[in-house]
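Please open the model in a viewer and keep the selection tool at hand. The tour below proceeds by selections, each followed by a description of what is found there.

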Amino acid sequence: MPLLKYPYSVFVVSILLALLPQRSFGFGDPMSYSSGYLSSVSDDLWFSWINNSEISADGYGKAWIGSSRNDTMARLLRRLDSQGQVQSWPTSEIYARFDINVSSVPSAGDGEYFLSFSDWAGNRRGRVFIQRVTSSTFTLGVSYAWIHPVDTTGSLSVNTDYTVVIKLDTTTKELTLWVDPTSEASTSIVSDDNSSQFVYDVLLLRQSNVYGGVGSISIDNVLVGETFNEVWGEIFDVTDSAHGAYPAVAGDSGDDSEGIRQAIAAAESYGDHAIVLFPTGDYIVTETDADYVPEDGNAYLYACHLEEIDDLVIEGSDSRLLVKSSTAAASGYSPNYAMVSPFFFNDCDGLTLKNLFIEWERPSFTVGTVGEVTEETPITNYNQQWSFDVTVEGPPLELGNDAWTVCGISDMDASTGLPLMNISVRDKSHTNFIDWELDNVTDGGVTTSVYSLTVRSNISSSGINVHRTDHLDYTMAQLEGSKVLLHHPSGGSVRGPYGPPSMSAYQCDDVTMRDVTLGSNSGMGLKASECINMAFTRVDILPSDGQLLSTAKDGLFLSLCTGDISFDDCILSGNGDDSINVHATKFIKLTGTIPTSSPYTVTGTPADGSFTGPAPQAGDTYAFVKIGTNLHTPYLSGSSIYTATVTSASRAGNVLTITFDGLPAGLAVNEYMYRTSSLATVSVTDCVFYGGIARGLVLSTEDITVTNSIFENIAFNGIYFLADPKKSGAQAPGAKDVTISGCEFIGCGAAPIANYSPSYSPPSRPSEAGMFADYTISGNLFDPESSAGINAKRLARSTTGGTGEDVRTAYMQAALFLPSLGGTNLIEDNDFGGTNPDNGFAPVVLLNHSTGVSLYDNLATGMYWRRSRLYVPGTPPYDPVPDFTGTPTGSSPDYLVEADEEAIDGSGNPTTSDSYYFGYPRQLGDLQ
């Protein structure tokens, strides 16, 4: 049985979401307060710890510590949660940086400490001391004790600016201190402390008049973070007038775009190791650089673009960016559609974004409630027209504003706001399939906006999909009273319901996003292309107040990104498409001739005609695939996919010429290869996926680990492994080396875990074994029950000539849809739970064209086994094995095995308390 992270329920997830604004660790503070005591002028960011805490800000961007009295101020390393608790620091090291200038030294040699870390009870570690040498020189020292430094620096001079960086090891309690370092390897001093451990809650600033006092010290630019690079470097404060004539002003109603760009331009001029700091407060981003065309080719408007800066840190401190539509029109854009993307990062290695909240004043969708539906006589079975009104929630809309055009509609559950997916329309041209009229209606002095809509379904028309009601237990009249999302155009030349992403990263290495929350926007949360090594920690993508979606498209979309990619403690809720999507490489289509002897030199072009990503080089490895009418089949070397190593390579435009150390026998022109050496390693840990319109995870790579994560009320699949040789973008190659453990899948509309290749579509024949390989699925909970009313499972209730449910239906209803597995696979200790026999998985596991699968100790209780259909391969439609309603007969022992590993042989009846395995022994080999 799995070790569950949380008890599942909408209530629990709602509590998690409510806590999210409090998730940030560390802070950045330029000390840019007005004159006065920190406890009052900082709006309680700094608060009294001991005595009256008369540590003051001078109104010029500094705080002052003196020797006139004993006072201590504190600032939280992490904000309080809703229970008033401070969470422990998430890593084993805490880094802090501050600028100091000593105007007078302590009166005696012993000196005192002026900065330390502390727990909530007042236990302190990591003390930084100042000691007198002469009347004009001093040293800095470190110690875990309250008196006498363990180690000290050389003499430093008064009236001189110094940058100090400290690192506290929370395990050993050692404190390391650098003065004006050039890197983490610079000369440092270290204290030695093996005292008791505790949780660190606050950073303390302390002034003292004992033991000679602390003299007089100014403190500026205090940063606390989890790595050296996050706190060390030149700081560029967006509110600082030193960077330009129009600094950003936190909390006012003015446009802060220019001040932000000024600070970023100063950071670019400075070069590597820059820190762009957003002090506490709200900032408005509106204006864009209308002349900037990003290198990734996207026709979006970006407020800020940063290029070729290494070890760049974009840092907030309880800071919110509110993005508004641009008032400037760029080429190809109308102002109504000029949605802004705040950041574009190009070739920025060592990039860190932290402690920011970003949301959009008007995303590209509106929430409404459906009135009476008129269902007209269909023109054909697949072409039907309905008319209804939608009352928009919120303030009245601006009549005559073309930005409120309706170009899409999706229905949502009236009580939960979760997707139903009975109707889903996307008309990117917004001219043909939806007629709409907007009016503001006043009733009893209250004015509301009402759309009059006519929706037509036509399955032969591109860009629109109203799911066919002739195959659904559903009528459009059931929309009455439902919530709907009305999608609006948002992108100028991007004339559909999808606008620009929150931010984009192109060809950046070692990217870290931490403690970042993205509210509702008009496109994706992050679009990253060709990046290497990315880490997302406590990155949350959530609907803003009053909205049902967070993103109009994917939450995090990573295309052709390689290296190590990790997602830790993230929450993704209400995504308009997939929550996380990782496509790691492209298929290359073979051209020219295929040699059968050395030299093994071939030519190829990208399957979608456009070369992106790094060019191949010696030492790269490639795998080879043949694509038939319905088959997507890897070349095999024994039981493994055949791989070859590059000995030399060149590129001319989109044509690659590659020499390998060998090629598989039978390889032919127009078949495919993909680079296995550039596939990403993906880990997902302690994440929550909730209420998305499509899938939670879409992965097309190798070496995948998903642990202790929750997939709840996802309209389609929880985890979706994609092998796609033909789609534009040519996302390849099928997942391998997969581990999924300790996860919960509750209320997924389609199979919670699924393999899929668009080279076939159920009920067509799946790919042969080996396109997906080496899966371990263990200790997970699967429950089909949904408190959200998700109806995606209704979408495929078609039949095939009276022979029963077809494979597409089985895919929608299975717990595990895993065709085409090869290698060695293990499915064990999973709970396919639930108590409702009318809402079970059917079948529990579907494994067409798979080999090498073992099943142990899986639990399917209640009456689920009675509903489980098992399918064998053959010419579609696949022949179903009848439901088990008593003693299995005929060849049924080949399909159903008890948990005690004894085959049912017809000598006894199964009972509802028994546990069973479900599989395909004729493809599995030996069922164990």
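Is arginine 69 buried, partly exposed or exposed? Arginine 69 is partly exposed, its relative accessible area being 24%. Note before proceeding that this is a predicted model.

**Stop 1: the whole chain**

Display the protein as a cartoon. The protein has seven helices and 69 strands. Of its 928 residues, 59% are buried. Consider next the contacts between residues at least 6 apart in sequence: 72% of them join residues at least 24 apart.

**Stop 2: from arginine 69 to its partner**

Return to arginine 69 and add aspartate 71 to the selection. These two residues form a salt bridge, in which the closest N and O atoms are 2.5 Å apart. Aspartate 71 is buried, at 1% relative accessibility, whereas arginine 69 is partly exposed.

**Stop 3: arginine 75 and aspartate 29**

Select arginine 75 together with aspartate 29. They too form a salt bridge, with a separation of 2.7 Å between the closest N and O atoms. Arginine 75 belongs to strand E6 (residues 71-76) and aspartate 29 to strand E1 (residues 27-29), so this pair ties together parts that lie 46 residues apart in sequence. Arginine 75 is buried, with a relative accessible area of 3%, and aspartate 29 is buried as well, with a value of 2%.

**Stop 4: glutamate 393 and lysine 483**

Select glutamate 393 and lysine 483. The closest N and O atoms of this salt bridge are 2.4 Å apart. Because glutamate 393 is in the loop between strand E26 (383-392) and strand E27 (408-412), while lysine 483 is in strand E31 (residues 483-487), the pair ties together parts 90 residues apart in sequence. Glutamate 393 is partly exposed, at 35% relative accessibility, and lysine 483 is partly exposed at 21%.

To complete the charged groups, select Glu226, Glu230, Glu315, Lys354, Arg514, Asp515 and Arg538, which salt bridges link in a network. The salt bridges in the structure number 19.

**Stop 5: the largest nonpolar core**

Which residues have the most contacts inside the largest nonpolar core? They are Phe343, Phe536, Phe567 and Phe721, in a core of 98 residues. Now colour helix H4 (residues 257-270), which gives the most to this core, with five residues.

Centre the view on phenylalanine 536. Setting aside neighbours within four places in sequence, phenylalanine 536 is in contact with Met513, Leu526, Leu556, Leu558, Ile565, Ser566, Phe567, Asp568 and Cys570. Another core lies apart from the largest one; it has 46 residues, among them Ile94, Val158, Leu168 and Phe198.

**Stop 6: strand E23**

Select strand E23 (residues 340-346). Seven of its seven residues are buried, so the strand is largely enclosed by the rest of the structure. Add strand E32 (residues 503-506): E23 and E32 pair in the parallel sense over four bridges. Within this pairing, phenylalanine 343 stands opposite methionine 503 of E32. Phenylalanine 343 is also one of the residues with the most contacts inside the largest core.

**Stop 7: the cysteines**

How many disulfides does the structure contain? The count is zero. Select cysteine 348 and cysteine 508. Cysteine 348 is in no disulfide, and its nearest cysteine sulfur, that of cysteine 508, is 4.9 Å away. Cysteine 348 is buried, at 0% relative accessibility. Cysteine 304, a further residue to select, is buried with a relative accessible area of 4%.

**Stop 8: the aromatic rings**

Finally, show the rings of Phe, Tyr and Trp. The structure holds 28 aromatic pairs. Select phenylalanine 198 and tyrosine 200, a tilted pair at 4.8 Å centre to centre with 50° between the planes. Phenylalanine 198, already met as a member of the core of 46 residues, is buried with a relative accessible area of 17%. Tyrosine 200 is buried at 3% relative accessibility.

As the last selection, take Tyr95, Trp178, Phe228 and Trp232, which ring pairs link into a cluster.

Definitions and conventions:
Residues numbered from 1 in each chain as written. Predicted model: local features only at pLDDT ≥ 70, side-chain atom pairs only at ≥ 80, totals over all residues. Heavy atoms only, no water. Core = buried A, V, L, I, M, F, W, Y, C linked by side-chain atoms within 4.5 Å. Buried < 20%, exposed > 50% of the residue type's maximum accessible area, 1.4 Å probe, protein only. Helix = DSSP H or I, 4+ residues; strand = E, 2+ residues; numbered from the N terminus. Contact = heavy atoms within 4.5 Å. Pairing = 2+ DSSP bridges. Salt bridge = Lys/Arg side-chain N within 4 Å of Asp/Glu carboxyl O. Disulfide = S-S within 2.5 Å. Phe/Tyr/Trp six-rings, centres within 6.5 Å; stacked < 30°, edge-to-face > 60°.
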